[in-house]
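I opened this notebook to keep track of what I looked up, place by place. The entries follow the order in which I went.

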Amino acid sequence: MNGGWRYRVRSALGVAVITAIAVSVVNSPSAQMVLAAVPLLRRLSTSPPGTVEGLMEIATTVVVVMAALLPLYKPRPRRILDAVVLAQKRVLVGLLALAAIGYFDYTYRLPRLTLLAVAPVLLTTLPAWFVWMRRTPSSDPERAIIVGDDPAEIEHLAPDIDVPVLGYLCPTVAFDTIEGAVSTPAIADGGVASLDRLGGLSRIEDVLVEYDVDTVVLAFEHTDRAEFFGALDACFEHGVDAKVHRDHADQVLTSGTDVGTLVDVDVEPWDVQDYVLKRGFDVAFSVAGLVLLSPVILGIVVAIKLDDGGSVLYKQERTAVFGETFDVFKFRSMVPEGESATPVEDEENDRITRVGRVLRRTHLDEIPQLWSILVGDMSVVGPRAVWTEEESLLEAQERSWRKRWFVKPGLTGLAQVNDVKSTNPEEKLRCDLQYVKEQSFTLDVKIVVRQVWKVCVDLVKTVRN
């Protein structure tokens, strides 16, 4: 589509211009003089290149960097933070390629001084360029689609949408009892248009990119099902706004300040600065924990092996954001037999080993989860990651259970610091939803302090006993 090609052309031209300017500025006599004053760079050659040589350096750098950033030229890139991280990764790939070219072929070599000076410039300006591209309003009209599992709800919501509606996504099974497809008059760009079915729910990501969609209106009969959160996940990944009917959304999901039939869903409730603080804290906490606890980790490994000679780690599939799954690791604390999804109190579980009982009382069996935090599957603070097989049982007891999926699971949280376990799903859900509503970096710090104090108290009690 034209909008997609315009985005591709503008983003690629921006990369070429920024890269060319960066190399030109670094190669200028004044810049070379400034670089020569830096103690660490004095040993490198600081002579400005000639005209032909300089043009060759610019051309080589532009071609390599543009090729490295190829995945970012898609219309409607992923979330802003993801786009920044991806841009920095691809710039690093380009810089490594330039270094390799200089190593193998002197003719096209980019001097080491130029490469070192250009690197920080490109690592900051190119991600900023893609953020600007992502945030700059397009001259094209906004585009919306309706995604749902209920044709009647789609027909009901269509007239309330104040931007052009391209069509709707709905599973074929929804029409089994309905003769014909939905063809609903919708006010779009000053005229009347009928809605076309663009496919089933599985096509949502393809449609978001293909049609350069700005807004998704969710028309699900039930907002606590996996399909609803799957659509939210797609909006979250592609940086697309999501709206839902006011009567079909809990305040956990919406901003609470909108007026009208449709309200915005807080697909990404954290502000950029809070997200950076939270992720930075997660990385620092996990790295510090793994390093400082390395002697403890070694001791636990030896103790488990001496106890029964079995495996050290235990792996289990847990549910993450929007119903996605990941593998979580813990120090094994039970005899490896068939598991039951029904939550059981530790005191009633005769499968727990001697070492395992100590690990559970002191929470030391959770240490391997620091790795899941480091790689981004979990956070330090959030709702407890629940075993995937256990989800269905807890959902049967609490209909709103899946609203916990709206944030990344955590090593600790309000439920954990208040000693609320899965054996009490109603109270656990209350704590988790309270965190979803009130989440902030300040609240995270308070919860971590309480959890650390609780671990220390439990450790002292265990030693005394």
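**Entry: Phe-281 and its ring partners**

I started with Phe-281 and asked whether it is buried or exposed. The answer falls in between: its relative accessible area is 23%, so Phe-281 is partly exposed. I keep in mind that this is a predicted model.

I then looked at aromatic rings. I found four aromatic pairs. One of them joins Phe-281 and Phe-441. Their ring centres are 5.9 Å apart and their planes stand at 85 degrees. Over 60 degrees counts as edge-to-face, so this pair is edge-to-face.

Where do Phe-281 and Phe-441 lie? Phe-281 is in helix 9 (residues 272-292). Phe-441 is in helix 16 (residues 441-464). The pair therefore ties together parts that are 160 residues apart in sequence.

I checked Phe-441 as well. Its relative accessibility is 21%, so Phe-441 counts as partly exposed. The cut-off for buried is under 20%. I also noted one aromatic cluster, made up of Phe-281, Phe-285 and Phe-441.

**Entry: helix 16**

Phe-441 led me to helix 16. I compared its length with what is expected. Its 24 residues should span 34 Å at 1.5 Å a residue. I find its end C-alpha atoms 35 Å apart, which agrees.

Which residues of helix 16 are buried? I listed Leu-443, Asp-444, Ile-447, Val-448, Gln-451, Lys-454, Asp-458 and Thr-462. I recalled the rule for helices here. An α-helix has 3.6 residues a turn, so residues three or four places apart point the same way.

**Entry: Gln-416**

Two of those names came back when I turned to Gln-416. This residue sits in helix 14 (residues 414-417). Its relative accessibility is 16%, so Gln-416 counts as buried.

What does Gln-416 touch, apart from neighbours within four places in sequence? Its contacts are Gly-382, Arg-384, Gly-410, Leu-411, Gln-451 and Lys-454. Gln-451 and Lys-454 are among the buried residues of helix 16.

**Entry: the open sheet**

Next I stepped back to the whole chain. I noted 16 helices and 12 strands. Then I looked at how strands join. Strands of a sheet pair through backbone hydrogen bonds, either parallel or antiparallel.

Six strands make an open sheet, in the order 5-2-1-6-7-8, with mixed pairing. Which strands stand at the edges? They are strand 5 (197-199) and strand 8 (262-264). Each has a single partner strand, so one side of each is left without a neighbour in the sheet. The twist averages 30 degrees from one strand to the next.

I followed strand 5 to its partner. Strand 2 (residues 165-169) pairs with strand 5 in the parallel sense, over two bridges. Tyr-168 has Arg-197 as its bridge partner in strand 5.

**Entry: strand 6**

I moved on to strand 6 (residues 215-219). How many of its five residues are buried? Five of the five are, so strand 6 is largely enclosed by the rest of the structure. Both of its faces are covered. Thr-215, Val-217 and Ala-219 are buried on one side, and Val-216 and Leu-218 on the other.

I checked its two pairings. Strand 1 (residues 144-148) runs parallel to strand 6, and five bridges join them. Strand 7 (residues 241-245) is also parallel to strand 6, with four bridges. Val-216 takes part in both: it is the bridge partner of Ile-145, and its own partner in strand 7 is Ala-242.

**Entry: helices 10 and 11**

My last stop was a pair of helices. Helix 10 (residues 294-308) packs against helix 11 (residues 354-362) at an angle of about 150 degrees. Their axes are 9 Å apart.

Which residues meet there? Helix 10 brings Ile-300, Ala-303, Ile-304 and Asp-307. Helix 11 brings Arg-354, Val-355 and Leu-359. I sorted this contact into five nonpolar residues, no polar ones and two charged.

I closed with Leu-359 of helix 11. At 4% relative accessibility, Leu-359 counts as buried. Beyond neighbours within four places in sequence, its contacts include Ile-300, Ile-304 and Phe-331. Phe-331 is 28 residues from Leu-359 in sequence, yet 8.1 Å away in space, C-alpha to C-alpha.

Technical notes. Residues numbered from 1 in each chain as written. Predicted model: local features only at pLDDT ≥ 70, side-chain atom pairs only at ≥ 80, totals over all residues. Heavy atoms only, no water. Axes fitted to C-alpha atoms, helices over the stretch in contact; angles between N-to-C directions. Contact = heavy atoms within 4.5 Å. Nonpolar A, V, L, I, M, F, W, Y, C, P; charged D, E, K, R; others polar. Buried < 20%, exposed > 50% of the residue type's maximum accessible area, 1.4 Å probe, protein only. Pairing = 2+ DSSP bridges. Phe/Tyr/Trp six-rings, centres within 6.5 Å; stacked < 30°, edge-to-face > 60°. Expected span 1.5 Å × (residues − 1).
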